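Dear colleague,

Please find below the structure that I am handing over to you. A short account of the findings comes after it.

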Amino acid sequence: MNLKTVNTTCTSQSRRTLLDCLLFLAAFVRQPGQIGALFPSSRSLATAMIQPLDLRHAETVVELGPGTGAFTRLLVDQLPQSALCLALEVDSARSRVLQSRFQRVIVYNRSAEALGACLRRHGRRKADCIISGLPWASMNLCAQSRILEAIFANIQSYGMLTTFGYLHCRDFPNAVNMRRILRSRFATFQPSQIIWKNVPPAIVYTCSSIHPK
Ligand SMILES: C[S@@+](CC[C@H](N)C(=O)[O-])C[C@H]1O[C@@H](n2cnc3c(N)ncnc32)[C@H](O)[C@@H]1O
């Protein structure tokens, strides 16, 4: 790569980062509960979300609440060529941005509750890995419960889920509820160290091997 290419790449990356921040800020003003964040996640948080997943043998991977693709970028870099990758994003503008950036991913402009229906459209029964960027702390409890049930019903028994929460929201009732349910349904529930290199700082939860109901 020559200097001109590096320069052009940096400029287009900075432009994309700026655009994403503006998209997030505008969405936060309009629907703070739905986006649940002022800024897209950092590279450090993305790494902490993707690294624990065993993607080498994954055939079916789903991302819930991908936004503008902070985790998707790293995810597609590590996916086997043959794996099916679906993303469910409830906001239509962010879904369009995401689909235009990642042709490798099939983006559905649908709520995460439609996870099972989307898998079935591709002839898949369950996902091997699920990555969730959903704003659990600001979501109402009924929606949270429906989405968690959709995850439990549509992940392989050996499957892995990563999700995250912001440090300052850790004691919000809905965040506590989400962690309680995940801990009770998965054989392992592992919180990460605090990811300080994110605005705001966050904690990743890695869950694996779901208990049969
Ligand atoms: C905190 S942002 C995270 C975006 C991205 N993963 C990141 O980390 O930068 C949460 C995203 O979840 C989406 N979202 C909220 N509720 C959803 C739902 N029920 N189904 C699918 N996406 C949802 C929002 O529209 C938003 O794009």
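The notes below concern the ligand site, one arginine and a surface patch.

This is a predicted model, in which local features need pLDDT of at least 70, side-chain atom pairs count only at pLDDT 80 or more, and totals for chains, interfaces and linings use all residues. Residues are numbered from 1 along each chain as its sequence is written, and side-chain values use heavy atoms, with hydrogens and water left out.

The ligand is surrounded by 23 residues, of which I35, S41, E89, R94 and A112 come nearest (a residue is near if one of its heavy atoms lies within 4 Å). By class, this shell holds 13 nonpolar, 6 polar and 4 charged residues (Ala, Val, Leu, Ile, Met, Phe, Trp, Tyr, Cys and Pro count as nonpolar, Asp, Glu, Lys and Arg as charged, and the others, Gly among them, as polar). A backbone N or O atom lies 2.8 Å from a nitrogen atom of the ligand in A112, 3.1 Å in G65 and 3.4 Å in P66. The protein covers 96% of the 600 Å² of accessible area that the ligand has on its own (Shrake-Rupley method, 1.4 Å probe).

R94 belongs to helix 5 (residues 92-101) (a DSSP run of H or I, at least four residues). R94 counts as buried because its relative accessibility is 6% (buried means under 20%, exposed over 50%, partly exposed in between; 1.4 Å probe, protein chains only).

L38, in the loop between helix 2 (32-35) and helix 3 (43-50), is partly exposed at 37% relative accessibility.

Yours sincerely

Key
Polar contact = N/O pair within 3.5 Å; in protein donor to acceptor, adjacent residues only side chain to side chain. Helix = DSSP H or I, 4+ residues; strand = E, 2+ residues; numbered from the N terminus.
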